[in-house]
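User: Could you walk me through this structure, one question at a time?

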Amino acid sequence: MADEEFTDINGNWISLDCQTHSSFCREFTVTSPKLSLRKVMVYTCCVWLFAYAVFFFTQNTAVLSSAIILTLVGMVIHIHFVKVDHETLLIIGSLGVQLSSSYASGRESTTFIEMSKLKDIVINEAVYMHNIIYYLCILIKDPADPETVTSVVPLFQSSKPRLNCLIQVYKSCQEILAQSR
Amino acid sequence: MGHRRRGHTHAPKTPTCLNAHSSNTVQHADHEQSVKHSICMVSDFFYPNMGGVESHIYQLSQCLIEKGHKVVIATHAYGDRRGIRYLTNGLKVYYLPLQVMYNQSTSTTCFHSLPLLRCIFVRECITIVHAHSSFSAMAHDALFHAKTMGLNTVFTDHSLFGFADLSSVLTNKLLTVSLCDTNHIVCVSYTSKENTVLRATLDPEIVSVIPNAVDPTDFTPDPCRRDNSKITIVVISRLVYRKGIDLLSGIIPELCGRHPDLCFLIGGEGPKRIILEEVREKYQLHDRVRLLGALDHKDVRDVLVQGHIFLNTSLTEAFCMAIVEGASCGLQVVSTRVGGIPEVLPNELVTLCGPSVCSLCDGLETVIKKIRSGNVESPAAIHRKVRTLYTWRNVAERTEKVYNRVCREPVLPLSARLHRLRSHCGAVAGSIFSFVAVINFLFLLFLQWLRPDSLIDVAVDASGPHSRLKQQVSHKTSKTANPNDLT
């Protein structure tokens, strides 16, 4: 299936790629905008200008050195731990759900939730900063006590798609869950 | 007294909304019944906190939902209860992460709550903001923001307040500022209306009286639970000065000395509990005065039905729900004649006394004599009378009329609002709050630029004419999840 264009909660364009591998297996990939070179330059300039202003008054060259190091370390941390390029939800009817996040540095983190622990996939609402947003989440149950929800795992935490995108993923997930039950 | 003037003004452009049902303008009175409103109830006081205001908001909301309106509630977070919760019949409650300052009321800066409240008003397509309680900072904030956003506003005052002390002067000035451009005000009794009109220098024309109510099914009599070998006086209230606990501490030894078969059953918690414990200790009344401590709302009826007399010793009260609950359980009611209490029950159902130990003892003596002589109505007969007096459906019907009136009124644009504030609230307060209103308006413009209304997802309705809940219930054919439930 071709990529569909949506926006995140801040109005930035994101794309949703839905791949149907079989009637029991689907993969959803939400791709966020790439790291903006302009933004990087702006942040770097701001830090360096501030450092230069401090240096102007203190005449201490260590300030400039630490500003350069701080910028580089900050950038590495940002692309390795913060900036997510795309998030993937792979749902396999009989097996479970795999969540993957691919960072700007190429690092990947993967979580697997087996079907016996999965109670349901729902769209929930939350107060986020000064906004109220919809988010997709997996309800985890205790296999010993199937009625209680032990924890909630939010999906697409980095890209934060809007409701129209979430509904599309939700419907597809429910189709697979309905078949596997 | 500077009554507010009703100038003919043009309503500003209200936030556009994606739902068709948001445009609730009424052309003719004939169509009033078909108009469905999107109402946001705002107050610092709501469940899990328990009290008159909380009960009022919940019950009124349920009846309005029953009548086809969409209702959401905004309050502050209570401990772990934060975020969005759903109560019976799809009543949606926003527990917002706002800092509590004092007595369950949030701290206010007039601005910090705007982003969240704006988000709620836009995503829920709110047409009327209904704030409750003059002690709630969040309610005043919501009124202020709603007027900035061009929404119609209603305010319900649940309490009486003084005029003389410093806290009264400051609170009354805040109330004047809050209500000077509010579309309509609701009070719970005529005494409360008089008090509010004087405190906030309002035009009495825009103040309605809609009393509280009780759910008669929650408070039914059960004479079998009474111990008829003795006479039991029940007191259920917060043990604070305003509820007249000092009077109660004088009544207990006086009456227990006169009647050896008299006992007191006292439910509630508060700082004045120690006075009652001292009285019990001093006069050795441990077997005759039982202090039950804090009661859950569900347990109140079980305590009431054990008594013969319900005693209320309040020093000030806008509308006393407790005496209606007591009468509904078939008890003889004895109460102080203060505030709006004389309006609440007919004379044959209540014995009114002055707010003094002597007067209350005389009133209780009269009722005790009646009980001993068997010259009292049966609990079932009393319940039948009370059941029809105050119903939440009636309250909702009257509130709906207020909403229909309000939605036909224009919302003041900023210029007219500033003029109203300056002319109505005095030179100093008027100028200060005019400045605050301008800053609030600029902050709103900034928020609309930062996150336009078009970026706020319109919420899926859980109540009202477009309720997803109703559709799911009516279309539910199997227990399996329907992937097309959310469209």
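Analyst: Happily! One term comes up at the start: pLDDT is the predictor's confidence in each residue, from 0 to 100. It applies here since this is a predicted model.

User: What is the mean pLDDT of chain B?

Analyst: A share of 87% of the residues of chain B reach 70 or more. The mean pLDDT of chain B is 81.

User: Which element of chain B has the lowest mean pLDDT, and which the highest?

Analyst: At the low end is helix H16 (residues 468-475) of chain B, with a mean of 59. At the other end the mean is 92, and the element with that highest value is E7(B).

User: Where does pLDDT stay under 50, and how many contacts beyond four places in sequence does the model have there?

Analyst: One stretch is residues 1-31 of chain B, with 73 such contacts in the model. The other is residues 477-485 of chain B, and there the number of contacts beyond four places in sequence is eight.

User: How many helices and strands are there in chain B, and in what order do the strands of the open sheet run?

Analyst: Chain B holds 16 helices and 16 strands. Eight strands make up the open sheet, with mixed pairing. At its edges, pairing on one side only, are strand E3 (83-87) and strand E10 (207-209) of chain B. From one edge to the other, the order is E3-E4-E2-E1-E7-E8-E9-E10 (chain B).

User: In which sense do E1 and E2 of chain B pair, and which residue stands opposite Ser38(B)?

Analyst: Strand E1 (residues 38-42) of chain B and strand E2 (residues 70-76) of chain B are joined over five bridges, in the parallel sense. Opposite Ser38(B), in E2(B), stands Lys70(B).

User: Which helix packs on the sheet, touching E1, E7, E8, E9 and E10 of chain B?

Analyst: The direction of this helix makes about 145 degrees with that of E8(B). The helix spans residues 392-406 of chain B and is H13.

User: What does UniProt list for residues 427-450 of chain B, and how much of that span is helix?

Analyst: The unreviewed UniProt entry lists these residues as "transmembrane region". In the model, the end C-alpha atoms of residues 427-450 of chain B are 34 Å apart and the strand content is 0%. The helix content of this span is 100%.

User: And how far apart are the ends of residues 226-348 of chain B?

Analyst: UniProt places "domain: Glycosyl transferase family" here, in an unreviewed entry. The span is 36% helix and 21% strand. Its end C-alpha atoms lie apart by 22 Å.

Note on methods: Residues are numbered from 1 along each chain as its sequence is written. Chains are lettered from A and ligands numbered from 1 in the order in which they are written. This is a predicted model: local features need pLDDT of at least 70, side-chain atom pairs count only at pLDDT 80 or more; totals for chains, interfaces and linings use all residues. Side-chain values use heavy atoms; hydrogens and water are left out. UniProt positions are given in the numbering used here, feature names are shortened, and annotations may be inferred rather than shown by experiment. Helices (H or I, at least four residues) and strands (E, at least two) are DSSP runs, numbered from the N terminus. Two strands pair if DSSP finds at least two bridges between them. Contact means heavy atoms within 4.5 Å. Axes are lines fitted to C-alpha atoms, for helices over the stretch in contact, and angles run from 0 to 180 degrees between N-to-C directions.
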